[in-house]
There are 2 protein chains.
Amino acid sequence: MSASLTLFYSPTSPYVRKVMVLLHETGQLDAVRLHGVTLTPLNPSAEVNEHNPAGKIPALQLADGSVLHDSRVILDYLDQLHGGEPLIPREGAARWRRLTLASLADAVLDAAILVRYETFLRPEDKRWDDWVLGQCNKIDRALAHFEKSADELGQRFDVAAIGAACALGYLDFRITDLNWRRDYPKLAAWYSSVGQRSSLQATAPAP
Amino acid sequence: MSASLTLFYSPTSPYVRKVMVLLHETGQLDAVRLHGVTLTPLNPSAEVNEHNPAGKIPALQLADGSVLHDSRVILDYLDQLHGGEPLIPREGAARWRRLTLASLADAVLDAAILVRYETFLRPEDKRWDDWVLGQCNKIDRALAHFEKSADELGQRFDVAAIGAACALGYLDFRITDLNWRRDYPKLAAWYSSVGQRSSLQATAPAP
């Protein structure tokens, strides 16, 4: 089929990666045309701003020209387009438990990106150690929770697992001194196992 | 009925307010016990951390002890508990359009809270004007989009309208020099109109 959807895309955005992994897992890659963009909060992309006033990616343009964002809304949309088992449970306790785990993974990403901005984008004399520490503590508490929930996380490769895998992949990509595998061996084993999936292999950011 | 749900709560959190407004609108206030907490990214609440490792509110504890977060997941859960018209459309184009508008409102909140942290929490000598400007530009673009979409926003008081109203309420509460009503008169008229609803009156943060 010809691509009727356009995804505003960067190969290093972990939020975009969640969408790409879902497209791989649900066999919908051919439905989406990737449109590469580059941006930061200080150097936004005029083209992205035009389609998503929040200036963020991923944003997904539909055939009628309308645009969906952010990553959670896009995941919800794309998960209803395929005929397979939903990657976001449609109802019952599983729905909110898996969405809560996915939300925790997003919180790791949000904190990691604030750390990245603080230590990379911000002028050196304006960096604030306590802020970085607060965000790193948040990441650490979340990883400790994923460690306790490793068996549950591993029950299926769905929205929760996609979120956690993309969050861990981003930590390895951008906060390379974190050494989380030492403290969280069960999580490390899970991540090593799911890391063999072609959806994660094909979407890993290049170091 | 006796309250079987516990909401970790602050009267000044706009993310908590979204949940409170939905509880008002759907007649579910009695189902939830409010548990007040105080926190910032630098001074987290140990009690909140125990229930939500991301250290954020709202978090909603269910009768079985499990905890849901963040605000979007809680809204999704609570909207399936009542028997009235859903405030989050369950399917079709309306679902993703209204969730995209709600996501844009969350982006306004996220940016406004980063501005608040930068100008209130961070030591003065470590503040970075370009960062504040980048976040304010994001807010401005989003408000311009809501201005263009004011008629659409006003079609019903649902997840999109709740998000937009709580975002505008937070701007009035914390970024008092923004003067957004001058530039966005249709949005101001809409906000003035929905501001009469008891759900918004009862949940407005005290100045």
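These exercises with worked solutions treat salt bridges, domains and the contact between chains in a predicted model.

Residues are numbered from 1 along each chain as its sequence is written, and chains are lettered from A and ligands numbered from 1 in the order in which they are written. Because the model is predicted, local features need pLDDT of at least 70 and side-chain atom pairs count only at pLDDT 80 or more, while totals for chains, interfaces and linings use all residues; side-chain values use heavy atoms, with hydrogens and water left out.

**Exercise 1. Salt bridges**

Task: State how many salt bridges the whole structure holds, and describe where the partners of A:R197 and A:E25 lie.

Solution. Begin with the rule, by which a salt bridge is a side-chain nitrogen of Lys or Arg within 4 Å of a carboxyl oxygen of Asp or Glu. A search over all chains finds 22 salt bridges.

Next, take A:R197 and A:E25, whose side chains meet in a salt bridge with an N to O distance of 2.8 Å. This pair links distant parts of the chain, since A:R197 sits in the loop between α9 (185-194) and α10 (198-201) of chain A, whereas A:E25 belongs to helix α1 (residues 14-25) of chain A, 172 residues apart. The elements named here are DSSP runs numbered from the N terminus, helices being H or I with at least four residues and strands being E with at least two.

Then turn to accessibility, where buried means under 20% relative accessible area, exposed means over 50%, and partly exposed lies in between (1.4 Å probe, protein chains only). A:R197 counts as partly exposed because its relative accessibility is 32%, and A:E25 counts as partly exposed because its value is 27%.

Finally, consider a pair in chain B: B:R122 forms a salt bridge with B:E118, the closest N and O atoms being 3.3 Å apart. Both B:R122 and B:E118 are buried.

**Exercise 2. Two domains of chain A**

Task: Give the domains of chain A and describe the contact between domain 1 and domain 2.

Solution. The domain assignment, whose bounds come from an automatic or database domain assignment, gives chain A domain 1 (5-79) and domain 2 (92-201). Their C-alpha centres lie 21 Å apart. The contact (heavy atoms within 4.5 Å) takes 15 residues from domain 1 of chain A and 21 residues from domain 2 of chain A.

The size of an interface is often given as the accessible area lost when the parts come together. Buried area here is the accessible area (1.4 Å probe) that two parts lose on being put together, summed over both. For these two domains of chain A it is about 1,500 Å², with 63% of it on carbon and sulfur atoms.

Across this interface the rule finds 3 salt bridges. As a further step, note that the side chains of A:K18 and A:D106 meet in a salt bridge (2.7 Å, N to O). On the side of domain 1 of chain A that touches domain 2 of chain A, the elements giving two or more residues are α1 and α3 of chain A, and the largest share, 8 residues, comes from α1(A).

**Exercise 3. Chain B against chain A**

Task: Describe the interface of chain B and chain A, and say which salt bridges join the two chains at residues 70 and 72.

Solution. Start with the contact, in which 45 residues of chain B meet 44 residues of chain A. The area buried between the chains is about 3,900 Å², of which carbon and sulfur atoms give 60%. B:P53, B:W96 and B:W128 supply 18% of the area that chain B buries against chain A, more than any other three residues.

Now look for salt bridges, of which the rule finds 6 across this interface. The side chains of A:D70 and B:R72 meet in a salt bridge (2.7 Å, N to O). The pair joins two chains, because A:D70 lies in the loop between β4 (67-68) and α3 (71-79) of chain A and B:R72 in helix α3 (residues 71-79) of chain B. A:D70 is partly exposed at 22% relative accessibility, and B:R72 is partly exposed at 21%. B:D70 forms a salt bridge with A:R72, the closest N and O atoms being 2.7 Å apart.

To finish, set these charges in a wider arrangement: A:K18, A:R72, A:D106 and B:D70 are linked in a network of salt bridges.
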